[in-house]
Amino acid sequence: VEKPKMPYNLIGEKKLSMLVDAFYSRVSRHDLLAPIFPEDLTETARKQKQFLTQYLGGPPLYTEEHGHPMLRARHLPFPITEERAKAWLGCMNDAMDEVELEGPVREDFFHRLVLTAHHMVNTEKPER
Ligand code: HEM
């Protein structure tokens with residue numbers, strides 16, 4: 001059954017896919033983020049498309065293939081500082097600009113990502 005009010009249906013599979021590609025293109029060029037990601041982001045992007053599909057109310061593609069997301073636990077191997085969370089969100093904001101995701105659907109989506117990103121922070125910024 002179609003659920004037209006789900007953000008996934010408002011954004012659509014094609015734009016979500018373009019968004020994730022635009023996002024990881026920025027991540028791969030970011031000084032703070034690139035070092036903690038794999039060199040080849042093909043599989044990372046594939047999983048993120050699956051995850052964001054279900055996060056936005058679409059079919060549970062991520063869970064079907066990988067089980068419960070347990071996102072915080074899956075991020076524990078990587079040192080995620082407040083600074084990296086801001087960088088991640090900056091890449092996402094710029095990617096949303098690039099694919100021209102606009103309006104309330106963008107605002108709601110981005111706001112949820114801000115909360116999720118801060119939930120991933122697991123490392124204090126090292127003292128300098
Ligand atoms: C995987 C970093 C926030 C969703 C990863 C990986 C890294 C990472 C290094 C592993 C990539 C790989 O091995 O393929 C970060 C950083 C964040 C952040 C620095 C800053 C806060 C988020 C947020 C979400 C998210 C906000 C969701 C809204 C995912 C997913 C995966 C992933 C779905 C794949 C998990 C899997 O391997 O199955 N992230 N992440 N991440 N991240 Fe993040």
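This section describes the nonpolar core, the ligand site, the salt bridges and two unusual backbone positions. The structure is a predicted model.

The largest nonpolar core holds 33 residues. Seven of its members touch the most other members: Leu19, Phe23, Leu52, Met92, Met96, Phe109 and Leu113. Five helices each give two or more residues to this core: α1 (7-11), α2 (13-28), α3 (42-55), α6 (82-98) and α7 (104-119). Helix α6 supplies the largest share, with eight residues. In soluble globular proteins, nonpolar side chains tend to be buried together. Methionine 96 illustrates the packing. Leaving aside residues up to four places away in sequence, Met96 touches Leu19, Leu101, Arg106, Phe109, Phe110 and Leu113. Of these partners, Leu19, Phe109 and Leu113 are also among the core members that touch the most others.

The ligand contains an iron atom, and the protein offers this iron a single donor. That donor is NE2 of His75, at 2.0 Å. Histidine 75 belongs to helix α5, which covers residues 71-75. Around the ligand lie 19 residues. Thr44, Lys47, Tyr62, His75 and Trp88 come nearest. Several polar side-chain atoms approach ligand atoms. For threonine 44, a polar side-chain atom is 2.6 Å from a ligand oxygen. For histidine 75, a side-chain N or O atom is 2.8 Å from a ligand nitrogen. His75 thus appears both as the iron donor and in this pairing with a ligand nitrogen. For tryptophan 88, a polar side-chain atom is 3.4 Å from a ligand nitrogen.

Six salt bridges are found in the whole structure. Side chains of opposite charge can pair when their charged atoms come close. Glutamate 98 and arginine 26 form one of these bridges, with an N to O distance of 2.7 Å. Glutamate 98 lies in helix α6 and arginine 26 in helix α2, so this pair ties together parts 72 residues apart in sequence. A salt bridge also joins lysine 125 and glutamate 83, at 3.9 Å from N to O. This pair, too, links distant parts of the chain. Lysine 125 sits in the segment after α7, and glutamate 83 sits in helix α6, 42 residues apart. Both partners are partly exposed: Lys125 has a relative accessible area of 43%, and Glu83 has 32%.

Aspartate 97 pairs with arginine 106, and their closest N and O atoms are 2.9 Å apart. The two partners differ in accessibility. Aspartate 97 is partly exposed, at 44% relative accessible area, whereas arginine 106 is buried, at 11%. Because buried means under 20% relative accessible area, the 11% of Arg106 places this residue in the buried class. Arginine 106 is also one of the residues touched by Met96. Elsewhere, salt bridges link Glu43, Arg46 and Glu65 into a network.

Two residues that are not glycine have a positive phi. Methionine 70 has a phi of about 40°, and glutamate 100 has one of about 55°. Methionine 70 is in the loop between α4 (61-66) and α5. Glutamate 100 is in the loop between α6 and α7. Methionine 70 is partly exposed, at 46% relative accessibility. Glutamate 100 is exposed, at 54%. The cut-off for exposed is over 50% relative accessible area, so Glu100, at 54%, falls in that class.

Terms used: Residues are numbered from 1 along each chain as its sequence is written. This is a predicted model: local features need pLDDT of at least 70, side-chain atom pairs count only at pLDDT 80 or more; totals for chains, interfaces and linings use all residues. Side-chain values use heavy atoms; hydrogens and water are left out. A nonpolar core is a set of buried Ala, Val, Leu, Ile, Met, Phe, Trp, Tyr and Cys residues joined through side-chain atoms within 4.5 Å. Buried means under 20% relative accessible area, exposed over 50%, partly exposed in between (1.4 Å probe, protein chains only). Helices (H or I, at least four residues) and strands (E, at least two) are DSSP runs, numbered from the N terminus. Contact means heavy atoms within 4.5 Å. Donors are N, O and S atoms within 2.8 Å of the metal (3.2 Å for Na, K and Ca); water is not among the atoms, so sites may look incomplete. A residue is near a molecule or strand if one of its heavy atoms lies within 4 Å of it. A polar contact is a pair of N or O atoms within 3.5 Å; within protein, one must be able to donate a hydrogen and the other to accept it, and residues adjacent in sequence count only if both atoms are side-chain atoms. A salt bridge is a side-chain nitrogen of Lys or Arg within 4 Å of a carboxyl oxygen of Asp or Glu.
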